[in-house]
Amino acid sequence: MPRHIFSNQPHRLEKDKEGRQAGRTEKRPNRLLRLLAFLLTVALMLGAVVLIVNYDKLNFDFVKRWFSYRSLSRTDSGQAESFPFDGDGTSTFATLDGDLLVCSSTGVRLYSASGQVYVDRTVVMEHPVAVSAGNTALAYDAGGQTLLVCRDREEAFSLELSSDEQILSADVNESGWMVVVTQISGYKGVVTVYDSQFQPKMQVSLSSRFVMDAALSADNRTVVLLTMGLTDGTFSSTAEFYPVGGSTSTEAAPETSTLVGSEVILEMTWDSYGIWALGESSVYHLNGDGELTGSCSYAGRYLKGYSLDGDGTVALLLGKYRAGSSAQLVVVDDQGEERAVLAMEEQVLSISAAGRYVGVLTADRLDIYDQDLSLYNTLDGTQSARKVLQRSDGSAMLIDNSTARIYVPQ
């Protein structure tokens with residue numbers, strides 16, 4: 001029995017030696033794999049840093065457009081088939097998640113990019129206005145009593161005022177919160193804030209100052225009122241900031257007030273960068289604390305067109321003369337500086353800014369620029385389009401007197 005054990009020992013030694021050699025041979029690929037994994041991790045980390053540092057310079061909007069419009073039939077030029085809409089010369093428009101909201105004197109209608117009708121509400125409006133933000137759009141009659149809200153491709157809310165009340169303005173933020181400015185007997189302006197479920201959260205009623213407009217912060221905590229009146233005997237426009245709460249107040253004092261010029265303010269909006277107030281001869285920018293961060297004067301030039309929907313910028317079309325085709329396209333940043341200027345020597349029919357893009361429509365083509373006014377894309381042959389609605393993914397809605405169609409850059 002012992003002899004049998006000793007006789008097998010050399011064989012076990014050889015097997016152990018072969019096993020150790022095989023083990024060493026198997027470990028070599030593991031070292032290589034660890035090295036490759038380390039190098040891959042370093043490359044991914046460096047790539048992430050590059051993406052973060054250069055995010056604003058990169059443009060992956062073509063990916064968004066592919067997902068948004070992959071099922072939409074388009075021509076080689078990128079235009080979808082046009083669809084008819086019900087409207088008239090009073091019609092105003094807004095885009096909503098790729099759809100088109102049409103607000104006219106005869107009603108409010110929401111169309112898909114292929115022309116399918118989702119909302120069709122017949123209502124008489126003398127001065128129709130359409131605005132949108134996020135997944136919510138408003139249609140209202142300025143000076144009238146009717147307001148409708150569209151969300152998720154349906155009519156989500158409606159407001160009908162009594163005959164002694166009038167809607168002066170209305171706005172909505174990215175969260176779906178809404179602010180409505182009305183005029184009621186005994187007051188020069190009443191401002192009501194509604195949450196995303198259309199429940200009133202607060203109301204401010206003023207009888208000493210006219211309220212012309214209002215806008216909400218992105219976090220729904222603050223509402224800014226644009227008031228007009230006399231300051232030391234001089235006409236002025238003022239931005240008044242109120243915290244949004246659950247109470248109703250009359251003649252409440254604002255937390256902050258900021259003078260925004262001795263001129264009529266045509267439009268005010270609040271984006272993620274702050275508040276834009278567009279006047280007849282200047283544009284002003286304020287931060288959320290009510291501090292004036294910048295202003296740009298264009299006194300001596302005519303304001304032929306504008307859009308306040310850029311990403312921290314506004315686009316202005318300014319001309320030396322009221323008539324004529326010669327003009328300048330100017331992009332102004334939130335510091336009041338002219339970020340870019342481009343001479344225009346042909347008739348501009350419409351301009352529209354959204355995100356990082358500025359769309360400029362002329363008689364025979366659509367030019368889409370970035371915020372530095374470098375050309376991003378051009379469409380030749382716009383089929384008699386009279387208006388452009390630029391979208392933040394680089395696509396655009398082209399509208400003529402009775403039809404509309406989406407354009408998706410290739």
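Select residues 178-184, strand 11, together with strand 12: 5 bridges join these two strands, which run antiparallel. Strands here are DSSP runs (E, at least two residues; helices are H or I, at least four residues), numbered from the N terminus, and two strands pair if DSSP finds at least two bridges between them. The model is predicted, so local features need pLDDT of at least 70 and side-chain atom pairs count only at pLDDT 80 or more, while totals for chains, interfaces and linings use all residues. Residues are numbered from 1 along each chain as its sequence is written, and side-chain values use heavy atoms, with hydrogens and water left out.

Within this pair, Val179 stands opposite Val193 of strand 12. Move next to the hairpin of strands 11 and 12, which has 4 residues between the strands; there Gly186 takes a positive phi near 100°.

Now select residues 189-194, strand 12. Because 6 of its 6 residues are buried, strand 12 is largely enclosed by the rest of the structure; buried means under 20% relative accessible area, exposed over 50%, and partly exposed in between (1.4 Å probe, protein chains only). Gly189, Val191 and Val193 point one way, and Val190, Thr192 and Tyr194 the other.

Add residues 200-206, strand 13, which runs antiparallel to strand 12 and is joined to it by 6 bridges. Tyr194 stands opposite Pro200. In the hairpin of these strands, with 5 residues between them, Phe198 in the turn has a positive phi of about 65°.

Finally, turn to the open antiparallel sheet of 4 strands in the order 23-24-25-26. Its edge strands, 23 (302-307) and 26 (338-344), each pair on one side only.
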